[in-house]
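User: I would like a close look at how the inside of this chain is packed, written for someone in a first year of study. Please explain each term as it comes up.

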Amino acid sequence: MPPSARQRRTGSSAPLGSPSSELPMTPPGGMRDLLPPVAMARTLLWQRLMETFDLFGYQRVTTPPVEYADVVERGLGTVDRRDLVRFVEPDSGEVALLRPDITPQIARIIATRLQDRPAPWRLSYEGTIVRRRRGRARKQHQVLQCGVECVGLKGPEADAEVIEVAARACEDVGLRDFLVELAQVKIGSEVLDHVPNGARTKVVETLAAKDARTLEKLLKQAGVVAAERKRLVMLCNLYGDRSIIADARRRLRNTAARRALDELERVVERLESAGLGDRIAIDLGDLRRHSYYTGVSMTLLADGPGEPLGMGGRYDDLLGRYGAPAAATGFAFDVDNVSWALSEAGISLESALPLRALVAGGTYARQRNAAARWRALGARVAVVPSKTADEAKRYAKAWDYDLLIWQSGSGAKLTRVKDGRARTLRGEPSDEHVSWARVGNKS
């Protein structure tokens, strides 16, 4: 009998389910566990982002982590299909995959489940996607996304709305120093049609890096004629503030480019009227998602992660692939990158988590009564049967509790775990005790 996959991986002949010291007790490559309090802080972060989406009228949907491959792949844009995690679904025998993006799932839902509802569809979501990110410094394959899709609305108002939602969500979680970089794929996509497919990816990456000399060389090697080379190389310099739009008008005189610039300018005007003008930058050389986006797109940047906090834009062609043509624009956050940016800015969401308290000492009945009183004040409370106060303190510190409530005599001793400050509680706990317990425990 051939060895099982587990036996090949571990070299063990022990039956499945039996303990083995050789079994690697770690998640698969690119996957990870999150422990408290990090997991709780990240949950609070995506919940707050989703609350902002809800304030703007985006209603939440949930989608399954697994989809049939042919359904999702028709809606993929810039995702490399080699990055997908496929398997054969045992019940149907069809090829399925772990979702690499949620937007195609939203398109499927609109085309099949929500066609009886009038446009526009304003939907929000959160969930983990899985991509094999080959050849990159960061090997994490699982990414927590949350975002919005506005489907069925054309024009700069819809584009500006989605961009504003993303900006307000950043502000609402406490991030103040961030940049909204706008692009317009229509400016350069026409020129890219003159670049051979084999050279297109490298050309787009070099253009995004603003390396005009290397770009000129690549285009010559690819056989692109001088006039088209000039138009692409010109885009390297079209980056900066709002004045770039006027500069581009002087340099790009063809009708299609002017219409594309008009679209972009109308979006910028609406963002300025919303008070977001100082957060806007323009990059007309960013064509990295030209095969997916059909108009104005955005990248949200901040110090810390070295990658975007999120990306989005207009994608009017997607819904047609699902038999329900409609204009669409959307945006998705990488929640871990948002968390990283907050950390870089010195902002900790752990300070916004509810008070976590540990009750110990005294009788079982007293412990239960004390826990109930603190829970009524909003604290998250656990009870442990510690024999000594020192034992309870060690437990509370190991599990990142904020407060130890040690039942003693007719009252209780309250100890802040982080700084060790203590006080005696006689009678009922109050909001003042909760406030005291949080001081010194959160940073």
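Analyst: Contact, or touching, means here that heavy atoms lie within 4.5 Å. The model is predicted, so local features need pLDDT of at least 70 and side-chain atom pairs count only at pLDDT 80 or more, while totals for chains, interfaces and linings use all residues. Residues are numbered from 1 along each chain as its sequence is written, and side-chain values use heavy atoms, with hydrogens and water left out.

With that in place, we can begin at Leu 232, which touches Gly 188, Val 191, Leu 192, Val 195, Val 203, Leu 207, Leu 215, Leu 219 and Leu 287 when residues up to four places away in sequence are not counted. Leu 232 belongs to the largest nonpolar core, which has 72 residues, and together with Phe 53, Leu 182 and Phe 333 it touches the most other members. A nonpolar core is a set of buried Ala, Val, Leu, Ile, Met, Phe, Trp, Tyr and Cys residues joined through side-chain atoms within 4.5 Å, where buried means under 20% relative accessible area, exposed over 50%, and partly exposed in between (1.4 Å probe, protein chains only). A second core, separate from this one, has 26 residues, among them Val 61, Ile 109, Ile 110 and Ala 332.

Two of the residues that Leu 232 touches, Leu 215 and Leu 219, lead us to helix 8, residues 212-221, whose buried residues are Leu 215, Leu 218 and Leu 219. (Helices, H or I with at least four residues, and strands, E with at least two, are DSSP runs numbered from the N terminus.) Seen down the axis of helix 8, these buried residues fall within an arc of 95°, and so they line one face of the helix; the arc is that of the directions from the helix axis to the C-beta atoms. The face turned away from the buried side of helix 8 carries the exposed residues Arg 213, Lys 217, Lys 220 and Gln 221. The buried residues of helix 8 pack against helix 7 (197-208) and helix 9 (226-234), and helix 8 is followed by Gly 223, which has a positive phi, near 80°.

From the side of helix 7, the residue to look at is Thr 206. Thr 206 is buried, with a relative accessible area of 7%, and, leaving aside its neighbours within four places in sequence, it is in contact with Asp 211, Thr 214, Leu 215 and Leu 218. For contrast, take Leu 34, in the loop between helix 1 (5-10) and helix 2 (38-55). Leu 34 is partly exposed, with a relative accessible area of 29%, and outside the four places on either side in sequence it touches Ala 39 and Arg 42.

What about the strands? Nine of them form an open sheet with mixed pairing, in the order 1-5-6-12-11-10-7-9-8, where two strands pair if DSSP finds at least two bridges between them. Strand 1 (59-60) and strand 8 (239-240) stand at the edges, each with a single partner strand, so one side of each is left without a neighbour in the sheet. Strand 6, residues 142-151, is mostly covered, since 10 of its 10 residues are buried. Both of its faces are covered: on one side lie Gln 142, Leu 144, Cys 146, Val 148 and Cys 150, and on the other Val 143, Gln 145, Gly 147, Glu 149 and Val 151, all of them buried.

Strand 6 pairs with strand 5 (residues 121-130) in the antiparallel sense over 10 bridges, and within that pairing Val 143 of strand 6 is the bridge partner of Ile 129. Seven bridges join strand 6 to strand 12 (residues 328-334), and these two strands also run antiparallel; here Val 148 has Phe 331 of strand 12 as its bridge partner. Helices lie across these strands as well. Helix 2 crosses strand 1, strand 5, strand 6 and strand 12, running at about 5° to strand 6. Helix 12 (residues 335-344) lies across strand 6 and strand 12, at about 55° to strand 12. (Axes are lines fitted to C-alpha atoms, for helices over the stretch in contact, and angles run from 0 to 180 degrees between N-to-C directions.) Elsewhere in the sheet, four bridges join strand 10 (residues 296-301) to strand 11 (residues 310-314) in an antiparallel arrangement, with Leu 300 standing opposite Gly 310 of strand 11.
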